[in-house]
Amino acid sequence: MLTTQERRLIAQPDLTSTVAREYVHRAAVSEVFLTGWAKTGTDTFTVSAQWPRSHSFYTPSHDVHDPMLLCETIRQCGMLLSHTEYGLPFGHNIGWSRVQYALNPQAMRIAAKPADITLHVTCSDIRSRRSLPTSMTMHIEAVRDDSLLAVASIGFNNYSPAVYERLRAGRSDAARLSESAPTPPDPVSRSVAGRRRSDIVLSPTQERWRWQLRVDTAHPVLFDHPLDHVPGMLLLESVRQAGLALEPSLGTMMPTSMDMSFNHYVEFDAPCWVEAEAVSSHESGARRSVRVNGIQGGRFAFTATAEMTDMSSV
């Protein structure tokens with residue numbers, strides 16, 4: 001016969017929680033989207049995630065989850081596995097070199113419950129020093145309800161505190177730099193960026209397809225904690241908003257794929273200019289490719305291409 005304790009254990013459902021927020025470099029538990037992970041082979045893993053039906057910043061539109069939610073999930077995946085499976089100590093810094101994704105718009109549809117996502121991850125190009133990873137690339141297939149949601153890859157470098165201090169050359173004091181960042185300039189209109197005023201990361205200039213990057217270090221999600229430079233998620237958001245701004249009358253456009261390279265850190269104390277141009281357009285107008293560059297101090301801080309898709313046609 002089963003004991004009382006055994007019967008209680010059998011009666012209990014499987015319990016789910018998020019991974020520790022420290023693993024994904026988040027201060028707020030509410031901003032952690034990963035729920036677990038498992039090693040499946042040599043440098044291969046599965047990571048589980050759950051997306052809420054709504055979010056204060058990764059706002060769904062046209063009954064579709066925000067593509068930037070996918071990017072944040074990928075970011076968290078890279079940090080989680082770096083710490084838990086490759087032994088990267090807390091206090092080391094992780095910097096992106098490249099992010100790519102292509103998603104299936106149909107699989108991004110919002111359902112009657114939160115979206116449970118499984119990420120199949122393969123790590124490659126792993127370089128190590130003293131048994132600690134210094135750089136790697138993660139290739140990811142995201143699946144939802146047995147349907148392919150997206151394919152993605154992320155390349156990044158890892159820096160010890162001493163190396164990062166030398167790399168940043170006196171710019172590594174996150175608390176001081178965040179607090180002393182200039183007041184953000186006025187944003188472009190909501191009709192141009194497709195976002196609420198508080199979430200707009202572009203400011204107008206005299207040139208039509210050129211904007212100043214708008215950095216608000218008080219933003220509760222993009223700056224969930226103090227940083228010493230503009231975060232990659234804000235730069236990804238600038239590409240999305242610039243792509244929309246090229247043709248603001250098409251408010252139903254969404255970046256269904258993106259390829260972005262990060263060349264230099266974007267600093268708080270100098271303007272970063274975001275320039276965009278249309279590269280090509282589908283005959284029906286339902287899709288168009290755009291190129292977006294971020295320029296600070298006369299050099300390219302980031303370069304990106306994205307395909308914008310009209311979700312009303314999907």
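The largest cavity is lined by Ser198, Asp199, Ile200, Val201, Arg214, Asp216, His219, Leu222 and Leu234; a cavity here is a set of points, on a 1 Å grid over the protein atoms alone, where a 1.4 Å probe fits but cannot get out, and a lining residue has an atom within 4 Å of a point. The structure is a predicted model, in which local features need pLDDT of at least 70 and side-chain atom pairs count only at pLDDT 80 or more, while totals for chains, interfaces and linings use all residues. Residues are numbered from 1 along each chain as its sequence is written, and side-chain values use heavy atoms, with hydrogens and water left out.

A search of the whole structure finds 1 cavity of 30 Å³ or more, and the space in the largest cavity is about 40 Å³, where a volume is the space filled by probe spheres set on grid points that are joined across faces, edges and corners. Its lining has 4 nonpolar, 2 polar and 3 charged residues, with Ala, Val, Leu, Ile, Met, Phe, Trp, Tyr, Cys and Pro counted as nonpolar, Asp, Glu, Lys and Arg as charged, and the others, Gly among them, as polar.

Pockets are open sets of points with protein on both sides within 12 Å along at least five of seven lines. The two largest are set out below.

| Pocket | Volume | Lining residues | Nearest the centre | Lining by class |
|---|---|---|---|---|
| Largest | about 1,200 Å³ | 49 residues | Ile94, Gly95, Tyr164, His229 and Tyr265 | 23 nonpolar, 16 polar and 10 charged residues |
| Second largest | about 290 Å³ | 18 residues | Thr59, Pro60, Ser61, Gly194 and Arg195 | 6 nonpolar, 6 polar and 6 charged residues |

For the second largest pocket, the elements that give two or more residues to the lining are α6 and β9 (253-262); helices (H or I, at least four residues) and strands (E, at least two) are DSSP runs, numbered from the N terminus. In the largest pocket, at least two lining residues come from each of α2, β3 (93-103), β6 (147-159), α3 (161-168), α6 and β12 (299-310), and β3 gives the most, with 5 residues.

Helix α6 (residues 232-245) contains Gln241, and 14 of the 14 residues of α6 are buried, that is, under 20% relative accessible area, as against over 50% for exposed and in between for partly exposed (1.4 Å probe, protein chains only). Gln241 counts as buried because its relative accessibility is 0%. Not counting residues up to four places away in sequence, Gln241 touches Val192, Ala193, Arg195, Asp199, Ile200, Val201 and Leu202, a contact being heavy atoms within 4.5 Å.

The largest nonpolar core, a set of buried Ala, Val, Leu, Ile, Met, Phe, Trp, Tyr and Cys residues joined through side-chain atoms within 4.5 Å, has 86 residues, of which Leu119, Val121, Leu213 and Met260 touch the most other members. Helix α2 (residues 67-84) supplies the largest share of this core, 9 residues. Beyond its neighbours within four places in sequence, Leu119 is in contact with Leu34, Phe45, Thr46, Val47, Thr73, Cys77, Ile140, Glu141 and Ala142.

Pro182 lies in the loop between α4 (174-180) and α5 (190-193), and counts as partly exposed because its relative accessibility is 45%. Pro182 is in contact with Val215 and Phe268, leaving aside neighbours within four places in sequence; Pro182 and Val215 are 33 residues apart in sequence and 8.4 Å apart in space, C-alpha to C-alpha.
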